[in-house]
Amino acid sequence: MQRPYVLLSCAMSVDGYIDDTTPERLSLSNVKDFDRVDEVRAESDAILIGATTMRRDNPRLLVNSESRRARRVAQGLPPYPLKVAITTSGDLDPDLRFWHSGGEKVVYCPDAAAAKLRLTLHDLADVVNLGPTVDLGRMLDDLASRGVRRLMVEGGGTIHTQFLTQGLADEIHLAIAPIFVGDSNAPRFVNPGNFPGGTGHRMALAEVRAVDDVVLLRYLPKESSGSPTS
Ligand SMILES: NC(=O)c1ccc[n+]([C@@H]2O[C@H](COP(=O)([O-])OP(=O)(O)OC[C@H]3O[C@@H](n4cnc5c(N)ncnc54)[C@H](OP(=O)(O)O)[C@@H]3O)[C@@H](O)[C@H]2O)c1
């Protein structure tokens, strides 16, 4: 079965950070860009986030526009994409907003965390254990078996890094916000790693779009830009 097309979506400051180190969530996108993200969500079969982002930001991950939900239903889809969480520890509070809005939810974990998660979450989500660790390829296979053809990944950096270094990302959406964070302890879009094609690989640039004061860059990491470097 064909694995889903994987789109990584992220907003970052001009100095490359995706959050600051304060307890409050840092707003990087503007209103128009949040609406753009809403459209990308509406076009996806599933939306995935990492457990740290769930605990820290407590997002709902919904398609907010009623007309976009209606469009999905007219296409024979559920109004909301499947929501996907991934955890090693299994420390996911059942009161998180993620569990209490939108449609179906699935959480991937290693065998060791499954019993705890089933006990805490009851029927809030389908808990899927994938062996001693969660292999992202196996997770994509399982998502494919659930009918997911297009997966949107909304971070954080630990998750984005794994999809990229394992060659599993097809598209990157980077929204660059006109702010500086200026704190080297803040999280970045990706952590250190061996990225596809090595350091010299120039990804194909699919699009540059101004979204009010934010700039969207769309890259295709599996394709080369073909541009000369000297
Ligand atoms: N600006 C943006 O667009 C944006 C978007 C999203 C997030 N963020 C920011 O990103 C930061 C969080 O990023 P992060 O890198 O610290 O964390 P993260 O990527 O959100 O989550 C990491 C956690 O996910 C689980 N995980 C990751 N890979 C796994 C695997 N292969 N198997 C099983 N579990 C796995 C683990 O959960 P356990 O700890 O439960 O074991 C791990 O600790 C936050 O500050 C958030 O605000 C920014």
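Colleague: Why does Asp212 count as exposed?

Modeller: In this predicted model, Asp212 has 11 C-beta neighbours inside 10 Å, and a residue is called exposed if 12 or fewer lie within that distance, so Asp212 counts as exposed. Asp212 sits in the loop between strand S8 (203-211) and strand S9 (214-224), and its phi is near 50 degrees, a positive value in a residue other than glycine.

Colleague: What makes such a phi worth a remark?

Modeller: Most residues other than glycine have a negative phi. Asp212, with its positive value, departs from that pattern, and His122, which is not a glycine either, has a positive phi of about 50 degrees.

Colleague: Where is His122 found, and why is it counted as exposed or buried?

Modeller: His122 belongs to the loop between helix H4 (111-121) and strand S5 (126-129). With 11 C-beta neighbours inside 10 Å, set against a limit of 12 or fewer, His122 counts as exposed.

Colleague: How do you know on which side of the cut-off Val31 falls?

Modeller: Val31 has 8 C-beta neighbours inside 10 Å, and because exposure requires 12 or fewer, Val31 counts as exposed. Val31 lies in helix H1 (residues 31-42), and its C-alpha atom is separated by 9.3 Å from that of Val211, although the two residues are 180 residues apart along the chain.

Colleague: What makes the peptide bond between Gly155 and Gly156 a cis bond?

Modeller: The omega of that bond is about 0 degrees, and the bond is accordingly described as cis. Most peptide bonds are trans. Gly156 is placed in the loop between strand S6 (150-153) and helix H6, and both Gly155 and Gly156 are listed, with Gly50, Thr52 and Val134, as the closest of the 26 residues that surround the ligand.

Colleague: Which elements supply the shell around the ligand, and how is the shell divided by residue class?

Modeller: Strand S1 (5-13), helix H2 (51-57) and helix H6 (157-165) each supply at least two residues, with the largest share, five residues, coming from H2. By class, the shell holds ten nonpolar, eleven polar and five charged residues, where Gly is counted among the polar ones.

Colleague: Why are S5 and S8 called edge strands?

Modeller: The nine strands form an open sheet of mixed pairing in the order S5-S4-S3-S2-S6-S1-S7-S9-S8. S5 and S8 each pair on one side only, and they are the edge strands. Neighbouring strands of this sheet are turned by 20 degrees against each other on average, direction ignored.

Colleague: How do you know that S2 and S3 pair?

Modeller: Pairing needs at least two bridges between the strands, and five bridges join S2 (residues 46-50) to S3 (residues 82-86), the two running parallel, so the criterion is met. Ile49, for instance, has Ala85 in S3 as its bridge partner.

Colleague: Which residues touch the most other members of the largest nonpolar core?

Modeller: Of the 51 residues in that core, they are Ala85, Val107, Leu151, Val153 and Phe163, while the largest share of the core, six residues, comes from S1. Leaving aside neighbours within four places in sequence, Val107 is in contact with Ala85, Thr87, Leu92, Leu117, Ala125 and Val127.

Colleague: What do H4 and H6 lie across?

Modeller: H4 lies across strand S4 (105-109) and S5, running at about 170 degrees to S5, whereas H6 lies across S1, S2, S3, S6 and S9, at about 135 degrees to S1.

Terms used
Residues are numbered from 1 along each chain as its sequence is written. This is a predicted model: local features need pLDDT of at least 70, side-chain atom pairs count only at pLDDT 80 or more; totals for chains, interfaces and linings use all residues. A residue is near a molecule or strand if its C-beta atom, placed from the backbone, lies within 6 Å of it. Helices (H or I, at least four residues) and strands (E, at least two) are DSSP runs, numbered from the N terminus. A residue is buried if 20 or more other C-beta atoms lie within 10 Å of its own, exposed if 12 or fewer, and partly exposed in between; C-beta atoms are placed from the backbone. A nonpolar core is a set of buried Ala, Val, Leu, Ile, Met, Phe, Trp, Tyr and Cys residues joined through C-beta atoms within 7 Å. Two residues are in contact if their C-beta atoms, placed from the backbone, lie within 7 Å. Axes are lines fitted to C-alpha atoms, for helices over the stretch in contact, and angles run from 0 to 180 degrees between N-to-C directions.
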